[in-house]
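Good morning, and thank you for coming. I shall speak first about a pocket and then about aromatic rings.

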Amino acid sequence: MIESFPFVRITVLGSSGCGKTSLIHSFVNNLCPHYHIPTTFPTLFYRTVRLPPESDQKGQPTSVCVEIEDTVAPEVAEEEEVMYVVVPEGCTDFTPFSIWKAPKTPVTMTRPVYIPLTQGRMAFIILFDSNEQDSLDKACQIHRMLMDDLELHKVRIRPYIYFVANKIEKDPEGDEHKVVIAVAEKYT
Ligand SMILES: Nc1nc2c(ncn2[C@@H]2O[C@H](COP(=O)(O)OP(=O)(O)O)[C@@H](O)[C@H]2O)c(=O)[nH]1
Ligand SMILES: [Mg+2]
């Protein structure tokens, strides 16, 4: 019998170097790279999470498959020749787990086709480096662009949007960190 899975689709956005790829690797692969290679092509990661039943309920854990999309930072996109997202004509069903086929993912940089499992995103994480005002400015800019886009396309089911401060352990007593956090709290 095929077990049906809830499927959650999350996209991570933010300025170059704010820690998007590291955050995703920590969650999916349990490791955090200590170097920065700018992401120049959107990348899909998958992890199945087992959630225990609610504290007031009995039963088996529930499995949820999470698709996380790592993205190209706007300033990297301006400099690099970036691939465009192309959804094949006529494609309406990207649901993978009723059929258990391998997900379609971009295989080479020479094929300008990028195929996530689904088109609509359920949640966005807008990440910023909490020690850099510029990174927060870019996060706010991305947030405004996202809201405009949802408005333009009259998206009825609004995705969750999380505004997340990263690198908070780096210089927690630093002046810039304190200012950035205060401005971010006011913005949200
Ligand atoms: N101190 C600190 N460094 C981090 C953290 N997350 C990522 N980094 C470092 O920040 C750099 C850029 O990270 P990366 O994930 O490639 O950024 P991206 O361009 O947003 O994908 C790397 O050198 C990471 O090791 C964090 O939480 N704290
Ligand atoms: Mg990256």
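Let me begin with the second largest pocket, which holds about 580 Å³ of space. Please keep in mind throughout that this is a predicted model. As a general remark, rolling a probe the size of a water molecule over the atoms reveals where empty space remains.

Which residues lie nearest the centre of this pocket? They are Gly19, Thr21, Ser22, Tyr35 and His36, out of 29 residues that line the second largest pocket. Helix α1, residues 20–29, and strand β2, residues 43–51, each contribute at least two residues to that lining. The largest share comes from α1, with six residues. By character, the lining of the second largest pocket comprises twelve nonpolar, 14 polar and three charged residues.

I turn now to the aromatic rings. The whole structure contains three aromatic pairs. In one of them, Phe128 and Phe163 lie 5.6 Å apart, centre to centre, with 45° between their planes. How is such a pair classed: stacked, edge-to-face or tilted? The pair is tilted, because its angle is neither under 30 degrees nor over 60.

This pair joins distant parts of the chain, since Phe128 belongs to strand β4 (residues 123–129) and Phe163 to strand β5 (residues 160–166), 35 residues apart. Phe128 has a relative accessible area of 2%, and is therefore buried, the limit being under 20%. Ring pairs also bring in Tyr187, so that Phe128, Phe163 and Tyr187 form a cluster.

Finally, one contact involves a charge: the charged end of Arg47 sits over the ring of Phe27, 4.5 Å from the centre of that ring. Thank you for your attention.

Note on methods:
Residues are numbered from 1 along each chain as its sequence is written. Chains are lettered from A and ligands numbered from 1 in the order in which they are written. This is a predicted model: local features need pLDDT of at least 70, side-chain atom pairs count only at pLDDT 80 or more; totals for chains, interfaces and linings use all residues. Side-chain values use heavy atoms; hydrogens and water are left out. On a 1 Å grid over the protein atoms alone, a cavity is a set of points where a 1.4 Å probe fits but cannot get out, and a pocket is an open set with protein on both sides within 12 Å along at least five of seven lines; lining residues have an atom within 4 Å of a point. Grid points are joined across faces, edges and corners, and a volume is the space filled by probe spheres set on the points. Helices (H or I, at least four residues) and strands (E, at least two) are DSSP runs, numbered from the N terminus. Ala, Val, Leu, Ile, Met, Phe, Trp, Tyr, Cys and Pro count as nonpolar, Asp, Glu, Lys and Arg as charged, and the others, Gly among them, as polar. Rings of Phe, Tyr and Trp (its six-membered ring) pair if their centres lie within 6.5 Å; planes under 30 degrees apart count as stacked, over 60 as edge-to-face and the rest as tilted. Buried means under 20% relative accessible area, exposed over 50%, partly exposed in between (1.4 Å probe, protein chains only). A charge sits over a ring if NZ of Lys or CZ of Arg is within 6 Å of the ring centre and within 35 degrees of the ring normal.
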